[in-house]
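Student: Could you take me through this model, one question at a time? I'd like the reasoning along with each result.

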Amino acid sequence: MKRVALFLLTNLGVMLVLGLAVHLLGLNRFLTANGLNLSSLLGFALVMGFGGAFISLLISKPMAKWTTGVTLINDSGDTTHMWLVTTVERFAKTAGIKMPEVGIYAGPPNAFATGAFKNSALVAVSTGLLESMTREEVEAVLGHEIAHVANGDMVTMALIQGVMNTFVVFISRVVGYLVDKFVLRNQNDGPGMGYFITTIVMDIVLGVVAAMIVAWFSRQREFRADAGAAQLMGRKQPMMNALARLGGLDPGEMPKSMQAMGISARPSGLMALFSSHPPMEQRIARLQQANAG
């Protein structure tokens with residue numbers, strides 16, 4: 001219920017911020033008088049912005065299973081599978097969440113957690129991860145994923161993405177209308193080519209900026225999940241060892257829809273601004289600093 005309330009409050013907050021902004025700038029009277037219905041545009045922006053993000057969140061778990069080919073192992077009798085399930089169960093109990101589904105998928109070293117609700121999540125690890133790491137390191141990775149679930153990171157990221165989408169849709173169409181009517185002097189009742197071209201360009205430009213903002217928030221949640229794993233393990237060294245191990249492995253490419261949910265990434269250069277994960281060195285340094293404190 002808290003996450004649903006947060007979703008509704010965020011929607012209301014976005015509407016109030018956008019409405020207040022156009023009011024303070026005098027755009028509401030100016031644009032409404034010249035044919036642009038700002039109330040309708042606000043509603044359209046909210047539906048487009050949050051609608052897509054919310055739908056993506058709701059289908060995140062089935063999509064993850066489909067794109068990675070996860071095999072669920074909660075009821076498996078295999079000893080390795082039983083150890084993974086028992087570890088996840090222990091961490092989930094400590095974190096105060098219900099037991100997630102646990103799965104394995106074939107692929108390079110990586111792991112992810114997903115699901116619309118923290119009490120019905122999915123935690124999965126790859127075969128490459130199990131083959132490349134010690135049991136203690138795998139446990140640290142599982143703790144990291146459980147921390148994501150317990151923190152409600154999937155919902156948080158959906159909300160942030162929805163906010164960014166809403167601003168992009170709203171602002172790009174206001175700018176497109178201004179360019180069409182007052183720069184290109186379109187006197188027709190409907191929008192002209194200037195509106196459509198400007199809107200497309202603004203969608204792209206603002207979309208890039210929004211992607212950087214969302215990626216920044218995602219990187220902060222990774223630091224928090226690393227700290228959460230250390231807390232669940234009772235010490236930081238296993239998580240630091242796991243990060244160091246992952247830094248020396250080739251994580252391969254996860255499906256695009258899953259990249260933000262994986263644990264391993266290697267951002268560099270300008271693309272680091274768009275990465276959902278910080279470099280391993282920064283994550284280890286953050287844990288070391290917390291340990292020193």
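What follows is a set of questions and answers on a predicted model.

Student: Let's start with the overall make-up. How many helices and strands does the chain have?

Tutor: The chain has 293 residues, and buried ones make up 46% of them. Among contacts between residues at least 6 apart in sequence, 68% join residues at least 24 apart. As for the secondary structure, the tally is eleven helices and four strands.

Student: In what order do the strands sit in the sheet?

Tutor: The sheet is open and its pairing is mixed. β2 (residues 101-105) runs parallel to β4, with five bridges between them, while β3 and β4 (residues 122-126) are antiparallel and share four bridges. β1 and β3 each have a single partner strand, so they stand at the edges. Put together, the order is β1-β2-β4-β3.

Student: Which residue of β4 is the bridge partner of Ile104?

Tutor: Look at β4 from both of its neighbours. On the β3 side, Thr114 stands opposite Leu122, and Ala111 has Val125 as its bridge partner in β4. For Ile104, the partner in β4 is Val125.

Student: How many residues of β4 are buried?

Tutor: Take the two faces in turn. One side carries Leu122, Ala124 and Ser126, the other Val123 and Val125, and all of these are buried. β4 is therefore largely enclosed by the rest of the structure, its buried count being five of five.

Student: Now the interior. Which residues touch the most other members of the largest nonpolar core?

Tutor: That core has 50 residues, and helix α8 (residues 153-183) provides the largest share, nine residues. Another core, of seven residues, lies apart from it and includes Leu38 and Phe170. Leaving aside neighbours within four places in sequence, Leu142 is in contact with Leu84, Thr87, Val88, Phe91, Val123 and Val125. The residues touching the most other members of the largest core are Leu84 and Leu142.

Student: And on the outside, which helix gives the most to the nonpolar patch?

Tutor: The patch is formed by Phe54, Ile55, Leu58, Ile59, Met63, Trp66 and Phe117, with about 720 Å² of accessible area together. Two helices, α3 (38-58) and α4 (60-68), each supply at least two of its residues. Leu58 is one of the patch residues; its place is in α3, and its relative accessible area of 43% makes it partly exposed. With three residues, the top contributor is α3.

Student: How many residues apart in sequence are the parts tied together by Glu101 and Lys61?

Tutor: The two form a salt bridge, with their closest N and O atoms 3.5 Å apart. Glu101 is partly exposed at 23% relative accessibility, whereas Lys61 counts as buried at 18%. Because Glu101 lies in strand β2 and Lys61 in helix α4, the pair ties together parts whose separation in sequence is 40 residues.

Student: What is the N to O distance in the salt bridge of Glu137 and Arg245?

Tutor: Glu137 is buried, at 7% relative accessibility, and Arg245 is partly exposed, at 34%. Glu137 lies in helix α7 and Arg245 in helix α10, so the pair ties together parts 108 residues apart in sequence. The N to O distance is 2.9 Å.

Student: Is Asp153, the salt-bridge partner of Arg224, buried or exposed?

Tutor: Arg224 and Asp153 form a salt bridge with closest N and O atoms 2.9 Å apart. Arg224 itself is partly exposed, at 41% relative accessibility. Burial needs a relative accessible area under 20%, and Asp153 has 1%, so it counts as buried.

Student: Last one: which residues are linked with Asp226 in a network of salt bridges?

Tutor: Asp226 lies in helix α9 (residues 193-233) and counts as buried at 1% relative accessibility. Leaving aside neighbours within four places in sequence, Asp226 is in contact with residues including His144, Met239 and Arg283. The residues linked with Asp226 in the network are Arg221, Glu222 and Arg283.

Technical notes:
Residues numbered from 1 in each chain as written. Predicted model: local features only at pLDDT ≥ 70, side-chain atom pairs only at ≥ 80, totals over all residues. Heavy atoms only, no water. Patch = residues over 30% accessible without salt bridge, like charges linked within 9 Å, V, L, I, M, F, W, Y side chains within 5 Å. Areas by Shrake-Rupley, 256 points an atom, 1.4 Å probe, with all protein chains shown as cover. Salt bridge = Lys/Arg side-chain N within 4 Å of Asp/Glu carboxyl O. Buried < 20%, exposed > 50% of the residue type's maximum accessible area, 1.4 Å probe, protein only. Pairing = 2+ DSSP bridges. Contact = heavy atoms within 4.5 Å. Core = buried A, V, L, I, M, F, W, Y, C linked by side-chain atoms within 4.5 Å.
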